[in-house]
Amino acid sequence: MEPSNIVLVGFMGTGKSTVGKTLASRLGWKFVDTDALIEERQGMSISDIFATAGEKAFRDIESETIAITLDGTRQVIATGGGAVLAEQNRKVMQARGWVVALTADAETIISRVSQDQNRPLVQGDVKERVHTLLETRKHAYDFAGKRIDTGSLSVEEIVAEIVAAMP
Ligand code: S3P
């Protein structure tokens with residue numbers, strides 16, 4: 001039996017959105033990026049939500065968005081890197097989907113997130129912030145049903161690996 005949804009989790013810059021789009025089109029499923037959905041629903045960028053309402057408010061909106069999205073089926077859902085921190089989110093992801101964790105090494109992550117201003121948690125000393133957060137979240141993605149190190153793989157190869165492992 002195919003899973004109702006595929007939920008991509010992983011640290012910032014591991015390729016969840018890029019992989020998710022290609023995977024969704026391969027399966028003929030809908031692609032949902034929860035960060036993009038949050039921005040659309042709130043009418044402002046993730047950075048502005050953090051700046052004006054704070055991280056706690058963002059996390060509440062994120063949990064609500066994940067719960068609403070996971071009501072649907074046949075979706076590939078790319079989640080924000082911190083979405084796995086709340087137990088309620090992990091539970092709904094597992095109950096309503098197959099969770100796939102994407103990983104990448106610190107250098108890859110640093111080079112990817114350095115190019116993006118819309119990541120409030122890694123502003124300033126990006127290197128230091130990424131290393132600290134990676135350490136804090138070392139086991140945050142362990143609950144996933146499948147883990148893929150994206151380091152040496154192309155998007156096509158990652159998608160093929162996910163499709164081949166689909167329960
Ligand atoms: C966050 C990751 C971001 C975004 C927000 C917080 C995090 O998503 O949700 O800036 O806590 O790791 P990406 O993983 O898509 O960058």
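I will go through one helix pair, the ligand shell and the annotated binding-site positions of this structure. Please keep in mind that this is a predicted model, in which local features need pLDDT of at least 70 and side-chain atom pairs count only at pLDDT 80 or more, while totals for chains, interfaces and linings use all residues. Residues are numbered from 1 along each chain as its sequence is written.

Let me start with the helices, which, like strands, are DSSP runs numbered from the N terminus (H or I, at least four residues, for helices; E, at least two, for strands). Helix α2, residues 34-42, packs against helix α4, residues 55-69, at an angle of about 110 degrees, and their axes are 10 Å apart. That angle makes α2 roughly perpendicular to α4, a label covering 65 to 115 degrees. On the α2 side the contact involves Thr-34, Leu-37, Ile-38 and Gln-42, which meet Ile-61, Glu-62, Thr-65, Ile-66 and Thr-69 of α4, contact being C-beta atoms, placed from the backbone, within 7 Å.

Turning to the ligand, the surrounding residues are Met-12, Asp-35, Ile-46, Gly-80, Gly-81, Gly-82, Arg-119, Pro-120 and Leu-121, each with its C-beta atom, placed from the backbone, within 6 Å of the molecule.

Which residues does the UniProt annotation "binding site" cover? The unreviewed entry lists Asp-35, Arg-59, Gly-81 and Arg-137, and such annotations may be inferred rather than shown by experiment. Arg-59 is found in helix α4, and it counts as partly exposed because it has 16 C-beta neighbours inside 10 Å, where 20 or more would be buried and 12 or fewer exposed. Arg-137 sits in the loop between α7 (126-136) and β5 (146-149), and with 16 C-beta neighbours inside 10 Å Arg-137 also counts as partly exposed.

Notes. Axes are lines fitted to C-alpha atoms, for helices over the stretch in contact, and angles run from 0 to 180 degrees between N-to-C directions. Angles under 35 degrees count as roughly parallel, over 145 as roughly antiparallel, 65 to 115 as roughly perpendicular and the rest as oblique. Two residues are in contact if their C-beta atoms, placed from the backbone, lie within 7 Å.
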